[in-house]
Amino acid sequence: MGIKRTEQAVYDLKYDLVWIPKYRKNVLGSDVSGYLKEVFKRISEEYGFEIDTMEVVEDHVHVFLGAPPRYSPARLVQIMKSISAKEVFKKFPDTRK
């Protein structure tokens, strides 16, 4: 990771994000967690994020990543959660229940 540069900024922004399913239900089994990791990697490549560590457990998701300053923390979470939820619900419709 390390220090990054743009034309107008020098930055090293890192965010520690944790998502928990509603009522902390164990919906992120082994097949869902593997697919979710792939989706997060795809999103990070598309948007220029750098995932340092990522852990998907049955009852929560923990991601430590770096992002450019053009994304606010709220926007970063919105991107990661909305795209990953759509992808997971499309492939595993039972997780919606």
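Analyst: Quick vocabulary first: helices (H or I, at least four residues) and strands (E, at least two) are DSSP runs, numbered from the N terminus. This is a predicted model, where local features need pLDDT of at least 70, side-chain atom pairs count only at pLDDT 80 or more, and totals for chains, interfaces and linings use all residues. Residues are numbered from 1 along each chain as its sequence is written, and side-chain values use heavy atoms, leaving out hydrogens and water.

User: How do you know that β3 pairs with β5?

Analyst: Pairing takes at least two bridges found by DSSP between two strands. Six bridges join β3 to β5 (residues 60–66), so they count as an antiparallel pair. Lys14, for example, stands opposite Gly66 in β5.

User: What makes β3 and β4 edge strands?

Analyst: The open antiparallel sheet has the order β3-β5-β4. β3 (14–19) and β4 (50–57) each have a single partner strand, so one side of each lacks a neighbour in the sheet.

User: How do you know which strands α2 lies across?

Analyst: You look for contact, meaning heavy atoms within 4.5 Å. Helix α2 (residues 73–91) lies across β3 and β5, at about 50° to β3. That angle (0 to 180 degrees, between N-to-C directions) uses axes fitted to C-alpha atoms, for helices over the stretch in contact. Helix α1 (residues 30–47) lies across β3, β4 and β5, at about 160° to β4.

User: Which residues of the largest nonpolar core touch the most other members?

Analyst: Of its 23 residues, those are Phe40, Phe49, Val61 and Leu65. α1 gives the most to this core, with six residues. Beyond neighbours within four places in sequence, Phe49 is in contact with residues including Ile43, Leu65, Tyr71 and Met80.

User: Why is it called a nonpolar core?

Analyst: The name is for a set of buried (under 20% relative accessible area, 1.4 Å probe, protein chains only; exposed is over 50%, partly exposed in between) Ala, Val, Leu, Ile, Met, Phe, Trp, Tyr and Cys residues joined through side-chain atoms within 4.5 Å. Phe40, Phe49, Val61 and Leu65 are members, so they fit that description.
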